[in-house]
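Reader: I would like to go through this model with you, starting where two of the chains meet. Please keep the answers short.

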Amino acid sequence: MLIQTMTSLGIPELIAQLIYALLVAFLCVNFIAVYAGVISVVERRVAAKMQSRVGPNRVGPQGSLQWLADGIKLILKEDLIPDGADHFLFKLAPFLMAMGVAGTFAVIPWGPANSAASDMNVGILYLISITSLVVIASLMAGWASNNKWSLIGGMRSAAMIVSYEIPVALGLLPAILIAGSLNMGDLVSAQGWAPWDWIAFNNPFALLGFLLFVTGSVAESNRTPFDLTEAESELVAGYATEYSGFRFAVYTLAEFANTWVVGAVCAAVFLGAGQLPPLLEGSIPLSVAVFVGKTMFMVFVLMWFRWTLPRFRIDQMMEFSWKYMLPLSLVAFLGQAVYFLWTWESEVARIMVSHLMVLVFLGLFFYFLSRTMVNFKHQAVAVNSYKTEIDYLERMGILKPVEAVVVAEEEEGKE
Amino acid sequence: MEQKSIFEALQSKTQLPLEWVEDAYGPKLKIAPQDLVAVLTLLKNDSALGFDCLTNQTGSHMDPVIRLYYVLYSYLHHHELVVFCEVPVGAPVVNSVVGLFGGANWLERETFDLLGVKFTGHPDLTRIMLPEDWVGHPLRKDYVYVQEYNGIDNRPSEITKSFQPS
Amino acid sequence: MGKQLRTELMTINMGPQHPSTHGVIRFIIKTDGEVIHECQPDVGYLHRSIEKISEKVNWQGFVPFTDRVDYLASMNANWAYCFAVERMLGTEVPRRAEFLRVMVGELNRISSHLIAIGATAMDLGGFTPFIQLLREREYINDLLEMACGARLTYNYISIGGVNYDVPRNWTEKVGEFLEHFELAMEQMNRLISYNRIFINRMANLAVIPREMAIQYNLVGPNLRGSGVKFDLRRDHPYSVYPELDFEVPVGVGIEGQVGDCYDRYHVRMMEIRESINILRQCIKMMPPGEIQGKVKNVIKPPEGTIHVRTETPRGDTGYLIQSDGKTSAYRLKIRTGSFTAMSVIPAVAPGLFIADLIALIGSLDVVAPELDR
């Protein structure tokens, strides 16, 4: 649309496209920076909540400006490059990393169908391939740092992303089969507003594909339980060990921006994107809000994983990918194809299956909630039975005098 | 098993000179340093005694000798025995018992580090607590505190001196 | 034949500044990729000459230094030393003091095990259990602070008794805490102990069989993890432990083989449960009365040598004390659990992954100050 306006004003089409691309890139990169900053604070607050802590709450209301302080601090830090490092590769690696993540924003939709920056007909394929740039970046960083921990981190990263790429791509295939297209816009418009119209609940194989995609994406974005590349207690900080200042900030930005990519792809491909009920059809802000809500829910799920689970070991992780996820993703793909043949004629069967899926999923969700309720009950006991604040006041002598001294004197007096 | 019967059982099984030393806290077995490995092997391998663990090993500088303590424990019979031998300070050399008790490895290294006893046959007799280039063995009674180590001034300051009991 | 590729092992320096070598321990490891071929621990970064200090200060004056021997379980470290000196002097400790010692000792054992378990979980990537367990430890610190006014280095147990009596409602507060704590431990079990990933990381890892554990002089939970049912509190009872009823948990290979990392972890979990048991009984049995036995101001134990072992959280602490009848020890040697646990690492490390080595250190519960003294 913008390009059309510009060409009608007499600007050559090539230049118009260039201006459009630069504008979109500018917006995306700024969105990444702001989103990564905000989500880093959110993650720290969420983690703190899960761990009975307070978290950052000093800078701005409820710590909401903490990310600005962190960013300014990181930029002001000295830019260190180790002596034996390969300077060129060392400097190049963070940019490749940022490119790999920022590139995906070209095809990620923002709500309604056809809202992606580029309406590419091979959108999904492009997305999978551009994220692989991260492998080169982390391997490069690990090698160029001239540090053995970095090297191990880079190697692990390469091995991990290469093996999880396959289940991730295969996990997307059921969705592609259902939509019959690699285009993001087509994938979005193949779904409806209600959960039983989403691809994730279309049939069991699509749900399997969804779960495989989420698991694989967690691994690809280097988060616990698959954060072996930067396993703090093992490899210090993995390939980012030797980085400091703004270069380190770029890694952090890329990592947090990756959560958006994962969440957005989940929402767009599997969870009905920003599709609205027929009554509200056409309201773009509402559609965007729905989409962002779904994305943030997926981001929250990723945080949940991270702060609950311990970490895999490298061999267990590879085993998990090649022995379990790869066969399962093939099952999902083939099963989807067979399911299609089977229900080709019967619209009713398809509708029944998808409704049943939603019901089962809801049942599982409430079962899970009932199990977690035990934790809340225990938490309540903790707060009631042990009154820390009151004890503290007692100790400080605010509530009533400390009895210990009195007892000791009494007993001595009796003798 | 009672301490007394341990001694009697041991005496009946070997011709080596054994001495039963009583102090305020019970009896201890004194042996000659050259018999150390032989006696400890016997204590470990005999089924009635069954001392399968060297639970503590250390030394004490008592001029003109260094007394080496070996505390044995039996997880089979739940009894303990303190064995000691004395080596001269001038040539503190004794056979290592690492071959008998794996745990002796680090205990002997510590004794070597802090008291300067040389254990022949030890696989890796290096300093464990102190740096490799440290001079002297601090737990000896005649140890002189170093005044300077690799450029670090270690002399007591005026404040420290003022706190020292006269 | 193809060309012979020349390969060599990579030497990596792990520590002393490394996130998972608790405190300052250094490992020089030779690896083939991620697999360890040789692991040489380098200790001594926290050596504070505590044994030499014992020859300079008088007998009572050494008690605060024992706090620093193991600062995660100072109560037990105090107790081990005071118990040894009391054995030398033949001091009678009042009954109330004995019960107070058992109570603070068991509370401290729980808090020490919480750190051990939490640190293990953190090293395996689970950050939340560590923080949650530290929160529980804070409550115990509160209780111990009520008893003696300190939160880390207590200097509470003195030769002949304890230094202060506890506040009047202290035992009830301990009881309230235990009510809450049992539920919290259940929560912790659900969060980490039954977690499949955690179990897979710990089970069948770095197996230390029974004979090897005794050979290498492992003590305490590490020894019991290898299946040796030995607890000084039961086999050579001291204090009021003979009157108390408790189990000695041993490793049974609950998820893998006997003596693997998960067994050691599990034994610690079970020991916390037993400590709760002991504390409950103590609350009921706590007698009134004196808290300090009759000890002279200047102690001069008779000449001779004594070896006393006391059960502490990181295995038993063996005090070998030689007295020459003067006001300070002639020679005092502390054999700690971490020291012997550390010496087994070079023997079991080959063949493990780098990540496994961290799990192994965590499961052996090695703490640098106790190791180096």
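Reader: How many residue pairs are in polar contact across the interface of chain C and chain B?

Author: The model is a predicted one. For this count, both residues of a pair need pLDDT 80 or more. On that basis, the number of pairs in polar contact across the interface of chain C and chain B is 25.

Reader: Which element gives the largest share of the side of chain C that touches chain B?

Author: Several elements of chain C give two or more residues to that side, including E3, helix H1 (50-54), helix H8 (210-215) and helix H15 (368-372). Strand E7 (315-323), strand E8 (331-335) and strand E6 (304-312) are also among them. The largest share is five residues, and it comes from E6(C).

Reader: What area do chain C and chain B bury between them?

Author: The contact takes 44 residues from chain B and 42 residues from chain C. Of the buried area, 54% is on carbon and sulfur atoms. The area itself is about 3600 Å².

Reader: Which residue of chain C forms a salt bridge with Glu110(B)?

Author: Side chains of opposite charge can pair when their charged atoms come close. The rule finds three salt bridges across the interface of chain C and chain B. For Glu110(B), the closest N and O atoms of the pair are 2.9 Å apart, within the 4 Å cut-off. The partner is Lys333(C).

Reader: Why does the salt bridge of Asp356(C) and Arg313(A) join two chains?

Author: A search of the whole structure finds 46 salt bridges over all chains. In one of them, Asp356(C) and Arg313(A) have their closest N and O atoms 3.0 Å apart. Asp356(C) lies in helix H14 (residues 354-364) of chain C, and Arg313(A) lies in the loop between helix H12 (284-308) and helix H13 (314-342) of chain A, so the pair joins two chains.

Reader: Back to E3(C): which residue there is the bridge partner of Lys30(C)?

Author: Three strands of chain C form an open sheet in the order E1-E2-E3, with antiparallel pairing. Its edge strands are strand E1 (10-14) and strand E3 (35-42), each of which pairs on one side only. Seven bridges join strand E2 (residues 26-32) to E3(C). In E3(C), the partner of Lys30(C) is Glu38(C).

Reader: How far apart are the C-alpha centres of domain 1 and domain 3 of chain A?

Author: Chain A is divided into domain 1 (1-76), domain 2 (80-342) and domain 3 (346-379). Between the C-alpha centres of domain 1 and domain 3 of chain A, the distance is 35 Å.

How values were computed. Residues numbered from 1 in each chain as written. Chains lettered and ligands numbered in written order. Predicted model: local features only at pLDDT ≥ 70, side-chain atom pairs only at ≥ 80, totals over all residues. Heavy atoms only, no water. Pairing = 2+ DSSP bridges. Helix = DSSP H or I, 4+ residues; strand = E, 2+ residues; numbered from the N terminus. Domains from an automatic or database assignment. Contact = heavy atoms within 4.5 Å. Buried area = accessible area lost by both parts, 1.4 Å probe. Salt bridge = Lys/Arg side-chain N within 4 Å of Asp/Glu carboxyl O. Polar contact = N/O pair within 3.5 Å; in protein donor to acceptor, adjacent residues only side chain to side chain.
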